[in-house]
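Open the structure in your viewer and keep the selection box handy. The tour goes from one helix out to the whole chain, then into the empty spaces.

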Amino acid sequence: DESQQTIFLSRMSVFVISSLGNITFVHAVPTDYSVIQYIQEVIKKCPQLTLQDLGEFEPDDFLVLFENEVYLDKDLLLRQFIQVYPQNSYKLRLVPKPSRIKMSLKKIQPSSSLSKYSPEEVELRIQLAAAYRLFAKFGWTDTVYNHLTAAIPGQHGKFLVNPFGLLFEEITASSLMTIDFDGNIIDQGTTDYEVNKPGILLHSAIHAARYDIKVVMHNHHIAGVAVSTYEHGLLPLTQNALLVHNQVNYHDFEGIVIDEKEKKRIAHDLGPTKKILILKNHGLVTCGGDVAEAFTYMYQLIKACEMQVASLSQGPINSDALIAIDIVDATARTHVSLQTKGNGVREFTALLRWLDREDQTYKL
């Protein structure tokens with residue numbers, strides 16, 4: 001492991017500074033006896049860690065280092081200080097630093113390990129890694145299972161996938177692996193993890209059958225799986241459901257996807273134009289021409305499933321609650337007409353800004 005960590009103790013916080021290559025990340029946690037004990041136990045077991053007592057080092061000195069330059073991350077400091085010390089937030093002071101310290105946070109740039117890829121692939125890797133992180137933030141994950149895949153521009157039959165063993169919150173642009181339709185590793189990325197071949201069958205079936213689909217996302221969201229068990233699946237109960245209702249098809253459960261013959265049935269059930277496949281008794285699949293579209297379909301689908309589960313929790317649904325088919329169709333058409341920048345582009349771009357404010361390490 002090339003990473004190194006230094007733990008700094010101050011009067012108010014423990015700062016854990018983790019270095020990987022030329023990037024240094026700083027995390028603050030409150031100082032109390034239990035934390036100190038834990039830190040001391042960790043240090044005993046991890047000789048690569050060092051401990052330094054900085055005495056008067058204050059939260060005002062919260063720093064982010066990038067390529068040997070120091071930046072004061074005021075926004076991140078403010079959020080973490082208020083979270084850790086809500087009762088003392090009024091005491092927060094941002095002390096001016098020496099002129100050599102720039103007062104704005106420099107955005108993390110893509111990792112140098114991405115330099116071997118084309119600019120188009122680098123951008124795709126960054127967006128797909130961001131989608132993994134957003135799945136983790138929204139709680140749409142199932143430990144190390146499920147996948148988000150993206151066809152690599154100009155490389156027929158090759159697509160990006162997460163290493164089997166990393167949590168979604170650990171995915172970075174450079175850690176993504178390149179594989180072919182058979183699950184063979186073309187580019188290992190920055191880890192030594194393997195490919196989850198049963199999980200890849202689902203994605204390769206769709207990528208191989210539909211060249212218009214560039215991105216495929218799959219998860220086992222609780223509400224989504226619940227809806228997949230209903231006789232009539234996703235119902236036209238809410239406006240959210242209508243945003244995706246005309247895009248949905250279904251695939252019967254056949255067990256864990258390990259049979260190559262099932263790939264043809266998956267492609268057949270998705271059809272030539274639909275972009276959402278509900279796997280009965282299993283989970284959700286959304287597709288798109290880019291990361292933004294596939295992600296936004298997943299967001300809308302999960303919202304619709306959650307609302308349906310909440311509605312059914314009150315008891316059987318009266319048929320009067322179902323929205324008339326002509327309104328279903330009209331709502332879907334209106335929604336499409338409003339996507340002037342592309343389906344999901346506005347939503348995904350906004351979420352990227354949110355992610356960048358919280359953690360930009362997905363770009364590495």
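Start with what packs over one helix. The buried residues of H9 have a cover that includes helix H6 (239-244) and helix H8 (291-312). Keep in mind that this is a predicted model.

**Stop 1: helix H9**

Select residues 325-338. That is helix H9, with 14 residues. From first C-alpha to last, H9 reaches 20 Å, close to the 20 Å expected at 1.5 Å a residue.

Now show side chains. Which residues of H9 are buried? Pick Val 328, Ala 332 and His 335. Turn the view to look down the axis of H9. The buried residues fall within an arc of 65°, so they line one face of the helix.

Next, go to the face of H9 turned away from that buried side. Asp 326, Arg 333 and Leu 338 are the exposed residues there.

**Stop 2: the whole chain**

Zoom out and colour by secondary structure. The chain has 10 helices and 14 strands. Of its 364 residues, 46% are buried. Now consider contacts between residues at least 6 apart in sequence: 63% of them join residues at least 24 apart.

**Stop 3: the second largest pocket**

Switch to a surface view. Rolling a probe the size of a water molecule over the atoms shows where empty space is left.

Select Asn 196, Gly 199, His 220, Ile 256 and His 282. Of the 16 residues lining the second largest pocket, these lie nearest its centre. The pocket holds about 300 Å³ of space.

Which element gives the largest share of the lining of this pocket? Select residues 197-209: this is helix H4, and four lining residues come from it. Colour the pocket lining by residue class. You should find six nonpolar residues, nine polar and one charged.

**Stop 4: the second largest cavity**

Clip into the interior. How many cavities of 30 Å³ or more are there? The count comes to two. Go to the second largest cavity, with a volume of about 50 Å³.

Select its lining in two steps. Begin with the run His 251, Asp 252, Phe 253, Glu 254 and Gly 255, which are among the lining residues. Then add Leu 202, Val 257, Glu 262, Ile 266, Leu 279 and His 282, which also line this cavity. By class, the cavity lining divides into five nonpolar, three polar and three charged residues.

End the tour on His 282. This residue is in the lining of the second largest cavity, and it is also listed among those nearest the centre of the second largest pocket.

Methods: Residues numbered from 1 in each chain as written. Predicted model: local features only at pLDDT ≥ 70, side-chain atom pairs only at ≥ 80, totals over all residues. Heavy atoms only, no water. 1 Å grid on protein atoms, 1.4 Å probe; cavity = no way out; pocket = protein on both sides within 12 Å on 5 of 7 lines; lining within 4 Å. Points joined across faces, edges and corners; volume = space filled by probe spheres on them. Helix = DSSP H or I, 4+ residues; strand = E, 2+ residues; numbered from the N terminus. Nonpolar A, V, L, I, M, F, W, Y, C, P; charged D, E, K, R; others polar. Expected span 1.5 Å × (residues − 1). Buried < 20%, exposed > 50% of the residue type's maximum accessible area, 1.4 Å probe, protein only. Arc of directions from axis to C-beta. Contact = heavy atoms within 4.5 Å.
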